[in-house]
Amino acid sequence: MKIAILIPCYNEEQTIGAVIDDFCHELPEATIYVYDNNSEDDTYEVAKQHGAVVKREARQGKGNVVRSMFRDIDADCYIMVDGDHTYPAEMVHDLIAPIMRREASMVIGDRLSNGTYGNENKRRFHSIGNYLVKSTINFLYKSQLEDIMTGYRAFDKLFVKSMPVMSPGFEIETEMTVHALDKRLPIKEVPIAYRDRPEGSESKLSTLSDGCKVMYKIFTLFKEYRPMIFFTVWSAFLLLVGLAAGLPVIFEYFATGFITKIPSAILAVGLVILSMLCFASGLILDTVASTHKKQYELELNRMIDIPGGYKSDQ
């Protein structure tokens, strides 16, 4: 199988050389691609000196880099890893094994279940954010994944070439996970070790702003993939509020034959109408989403049947 190692980079001059050397040692047959995302240091030059195929991505953000990588690079097995030297290259064999055996379309390098991330990571709020994202996705999609935000993953060709990357930044890991869950693509998790960044290397992830973007992406994707549930919840909420505002009006009418609480009556009617509109929107969008899923399955079948392309046992 043709193996590609994808390393998105932004200002990783200090660590990118060691990452390339480690993966060259573990997978000498693989091609290593480094996409430099407007680095202000010598990341591009260092990566080139260590033998990687280096390209530049002008659009800022990890999601934009991954989109270009998925479009440009052709392989049978893809490994995506950060350029900060926090993920051990020796674990790559465990990561790609399910891809080689065609047991999974995406393999997640799980940093959390064995406790190494909690021990090594010095930014406490990162751990809280990881737990919040994991809990939300597992609740919404009835899954039992341990690590959603890890940057160490392996993919098969079918996943990479059928994944519509829309996120511009650090929401990309969340988007890939939700995409696989919604499209029922097989996912496996492999426990991996994690080590903190070396002294002088700084994380590019902003806990608050990027965390808010990730949570927004989760609910946006939930609206797109599960519109019936999303709009039904809003419909029920508006209906309850409308009933709370309208019941005193109804009781007053039956008791006296008059309505004096005109603003409450107007508010209640408006909320009930909005509730009905939300429910109707959910029904319509659910039909659209169902049609899209059917079309996606047909497209997957077409891709699998390409001569010399994807394997039919996938």
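Start by selecting Ile108 and Arg153: Ile108 stands opposite Arg153 in strand S6. Keep in mind as you go that this is a predicted model.

**Stop 1: the strands around S6**

Widen the selection to strand S5, residues 106-110, and you will find three bridges joining S5 to S6, with the two strands running antiparallel. Now bring in S4, which spans residues 77-80. S4 and S6 also pair in the antiparallel sense, here over four bridges. To see one position in that pairing, pick Cys77, which stands opposite Asp156 in S6.

Next, colour S6 itself, residues 153-156, by side. In a regular strand, side chains alternate between the two faces of the sheet. Arg153 and Phe155 are on one side of S6, Ala154 and Asp156 are on the other, and all four are buried, so both faces are covered by the 20% cut-off for burial.

**Stop 2: Phe155 and its surroundings**

Stay with Phe155 and show its contacts. Leaving out residues up to four places away in sequence, Phe155 touches Phe70, Asp76, Cys77, Tyr78, Met80, Ile99, Ser105, Met106, Val160 and Met176.

Add Phe159 for a look at the rings. There are 10 aromatic pairs in the model. Phe155 and Phe159 form one that is stacked, at 5.1 Å centre to centre with 15° between the planes. Both of these residues are buried. For an edge-to-face pair, jump to Phe230 and Phe231, at 5.2 Å centre to centre with 80° between the planes. Phe230 and Phe231 are buried too.

One more ring selection is worth making: Phe23, Tyr87, Tyr117, Tyr152 and Tyr194, which ring pairs link into a cluster.

**Stop 3: the largest nonpolar core**

Which residues touch the most other members of the largest nonpolar core? Select Phe70, Tyr141, Phe155 and Met176, out of 45 residues in that core. Then show helix H9, residues 207-225, which gives the most to this core, with six residues. The core draws at least three residues from each of domain 1 (3-207) and domain 2 (224-305). Apart from this core lies another, of 35 residues, including Ile16, Tyr87, Ile99 and Ile192.

**Stop 4: Thr86**

Finish in the loop between strand S4 and helix H4 (92-100), where you will find Thr86. Is Thr86 buried or exposed? Its relative accessible area is 1%, so Thr86 is buried. Display side chains, and you can see the one of Thr86 making a polar contact with the side chain of Asp84, at 2.7 Å. Beyond its neighbours within four places in sequence, Thr86 is in contact with Ala193, Tyr194, Arg195, Asp196 and Arg197.

Terms used. Residues are numbered from 1 along each chain as its sequence is written. This is a predicted model: local features need pLDDT of at least 70, side-chain atom pairs count only at pLDDT 80 or more; totals for chains, interfaces and linings use all residues. Side-chain values use heavy atoms; hydrogens and water are left out. Buried means under 20% relative accessible area, exposed over 50%, partly exposed in between (1.4 Å probe, protein chains only). A polar contact is a pair of N or O atoms within 3.5 Å; within protein, one must be able to donate a hydrogen and the other to accept it, and residues adjacent in sequence count only if both atoms are side-chain atoms. Contact means heavy atoms within 4.5 Å. A nonpolar core is a set of buried Ala, Val, Leu, Ile, Met, Phe, Trp, Tyr and Cys residues joined through side-chain atoms within 4.5 Å. Domain bounds come from an automatic or database domain assignment. Two strands pair if DSSP finds at least two bridges between them. Rings of Phe, Tyr and Trp (its six-membered ring) pair if their centres lie within 6.5 Å; planes under 30 degrees apart count as stacked, over 60 as edge-to-face and the rest as tilted.
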